[in-house]
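Reader: Please put the model up. I have some short questions about its strands, rings, pockets and contacts.

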Amino acid sequence: MPKPKKRGSNHQRGAGGQPRSVQPFSDEDASIETMSHCSGFSDPASFTEDGPEIDEEATQEDLEYKLKGFIDLTLDKSAKTRQAALESLKNAFSSKILYEFIMERRMTLTDSIERCIKKGKSDEQCAAAGLACLLCVQMGSGIESEEIFKTLGPVLKKIVCDGTVSIQARQACATCLGICCFIVTDDITELYSTMECLENIFTKAYQRDRDTNGVSSTPNTVLHISALLAWTLLLTICPMNEVKKKIEMHLHKLPSLLSCDDLNMRIAAGETLALLFELARETDADFFYEDMELLTEKLRALATDGNKHRAKVDKRKQRSVFRDVLRAVEERDFPTEMVKFGPERMYIDCWVKKQTYDTFKDILGSGMQYHLQSNDFLRNVFELGPPVMLDAAALKTMKISRFERHLYNSAAFKARTKARSKCRDKRADVGEFF
């Protein structure tokens with residue numbers, strides 16, 4: 001009689017002894033409690049009146065079983081298998097809070113990430129760096145995260161500064177270095193050391209401008225952008241005396257990057273300038289910038305750019321960003337944005353907050369709303385207080401019937417169609433598009 005297959009085997013083989021393909025972690029594995037990364041909590045209509053009851057304990061056990069398998073597969077001989085396992089872990093970590101599960105396996109995960117960054121190729125290094133970011137986001141700013149950063153920090157710095165490594169891997173490691181340092185570092189010396197490492201990367205973009213009127217984009221530009229944004233994030237947690245030094249060092253050099261051929265570099269430089277001006281005015285209400293007229297002229301040109309050789313999408317994005325940057329530099333104003341997550345609202349009312357929010361949104365993706373609701377570390381960063389707990393009665397009051405949802409969606413569809421029809425009418429004055 002043949003023996004039954006064991007469920008716990010992590011190294012299953014297919015026909016011919018070949019390793020079986022990794023089944024990636026999907027949104028369905030996150031269980032119904034995430035409500036599609038909690039975006040559903042934004043709208044009461046997302047709550048259904050009827051549906052099968054979910055055995056949360058069994059679902060959690062099944063999820064953990066899958067994740068244990070992925071952790072084991074990060075040690076597989078196949079690079080594709082390792083990368084697929086890393087990506088699946090990233091999807092899981094961004095869509096759920098798994099603090100207790102990770103706490104028991106943090107050293108194993110750290111060792112796997114370190115090995116993949118050191119010995120893997122470009123795509124595997126990028127996936128491992130992304131997982132390291134999410135690992136620190138999950139663990140928060142505790143002793144355990146500090147231990148993780150002590151292990152991974154030197155490895156990340158080495159990759160960032162190694163010219164023989166692919167640009168994509170160096171870019172991912174620069175972002176990871178900045179985010180992990182932001183989360184875990186209480187040591188001011190380590191903070192300054194990390195910022196210096198990032199400065200050594202993006203300041204090379206200044207050097208190309210010495211003998212030319214503009215900055216031409218190169219393959220290294222994406223690395224310079226990531227290093228600049230990571231450095232800017234760390235600047236927001238520096239002591240004021242250090243902020244003053246950095247402003248004096250970079251405020252006169254950053255405007256040169258506004259002439260770069262690369263749109264993302266222009267935007268990164270513009271937003272960094274707006275943030276530096278905001279910090280400078282916080283430290284000194286009478287702050288004066290000598291070349292203000294020349295700078296505002298550059299910013300105004302970018303905010304009204306109509307060059308035909310640029311794509312329309314790029315021009316719209318650039319004009320939108322630089323209108324806000326110009327307002328920040330000239331009028332000390334910031335267009336407040338509101339972020340909805342569940343029953344809560346968060347207002348982004350300054351460039352420091354915007355920089356922090358954008359950074360974590362890039363890392364967490366669609367899981368940002370869920371983490372804003374449930375992740376203690378992120379809630380502390382944005383001063384949201386302890387997580388809001390909704391009892392069964394509160395959830396029930398948020399439910400609406402299917403018929404009401406249908407009426408609401410129909411009305412919204414008709415309103416959208418009507419508005420778009422007016423915009424498509426050739427006789428309507430729809431403004432000027434470049």
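Reader: Which side chains of strand β2 point to the buried face?

Author: This is a predicted model. Side chains alternate along β2, residues 344–348. Arg345 and Tyr347 point to one face and are not buried. The other face is buried, and it takes Glu344, Met346 and Ile348.

Reader: In what sense do β1 and β2 pair?

Author: β1 covers residues 337–341. Its pairing with β2 runs over 5 bridges. In one of them, Phe341 has Glu344 of β2 as its partner. The sense of the pairing is antiparallel.

Reader: What is the phi of Gly342 in the turn?

Author: β1 and β2 make a hairpin, with 2 residues between the strands. Gly342 sits in that turn. Its phi is positive, at about 65°.

Reader: How many aromatic pairs are there, and what is the geometry of Phe277 with Phe287?

Author: The count is 8 aromatic pairs. For Phe277 and Phe287, the ring centres are 5.9 Å apart and the planes meet at 80°. An angle over 60 degrees counts as edge-to-face. The pair is therefore edge-to-face.

Reader: Which parts does that pair tie together, and how many residues apart are they in sequence?

Author: Phe277 belongs to helix α11, residues 263–283. Phe287 is in the loop between α11 and α12 (292–303). The pair therefore ties together parts whose separation in sequence is 10 residues.

Reader: Is Phe277 buried or exposed?

Author: The cut-off for buried is under 20% relative accessible area. Phe277 has 0%, so the residue is buried.

Reader: Which residues are closest to the centre of the second largest pocket?

Author: This pocket holds about 640 Å³ of space. Helices α6, α9, α11, α13 and α14 each supply at least two residues of the lining. The lining has 23 residues in total, and those closest to the centre are Ile225, Leu229, Asp358, Thr359 and Asp362.

Reader: How many residues of that lining are charged?

Author: Sort the lining of the second largest pocket by class. Nonpolar residues number 11 and polar ones 7. The charged residues number 5.

Reader: Is Glu144 buried, exposed or partly exposed?

Author: Glu144 is in helix α5, residues 143–161. Its relative accessible area is 22%. Buried needs under 20%, and exposed needs over 50%. Glu144 falls in between, so the class is partly exposed.

Reader: Which residues does Glu144 contact, beyond its neighbours within four places in sequence?

Author: Contact here needs heavy atoms within 4.5 Å. With those neighbours left aside, the partners of Glu144 are Tyr99, Met103, Arg106 and Met139.

Conventions
Residues are numbered from 1 along each chain as its sequence is written. This is a predicted model: local features need pLDDT of at least 70, side-chain atom pairs count only at pLDDT 80 or more; totals for chains, interfaces and linings use all residues. Side-chain values use heavy atoms; hydrogens and water are left out. Helices (H or I, at least four residues) and strands (E, at least two) are DSSP runs, numbered from the N terminus. Buried means under 20% relative accessible area, exposed over 50%, partly exposed in between (1.4 Å probe, protein chains only). Rings of Phe, Tyr and Trp (its six-membered ring) pair if their centres lie within 6.5 Å; planes under 30 degrees apart count as stacked, over 60 as edge-to-face and the rest as tilted. On a 1 Å grid over the protein atoms alone, a cavity is a set of points where a 1.4 Å probe fits but cannot get out, and a pocket is an open set with protein on both sides within 12 Å along at least five of seven lines; lining residues have an atom within 4 Å of a point. Grid points are joined across faces, edges and corners, and a volume is the space filled by probe spheres set on the points. Ala, Val, Leu, Ile, Met, Phe, Trp, Tyr, Cys and Pro count as nonpolar, Asp, Glu, Lys and Arg as charged, and the others, Gly among them, as polar. Two strands pair if DSSP finds at least two bridges between them.
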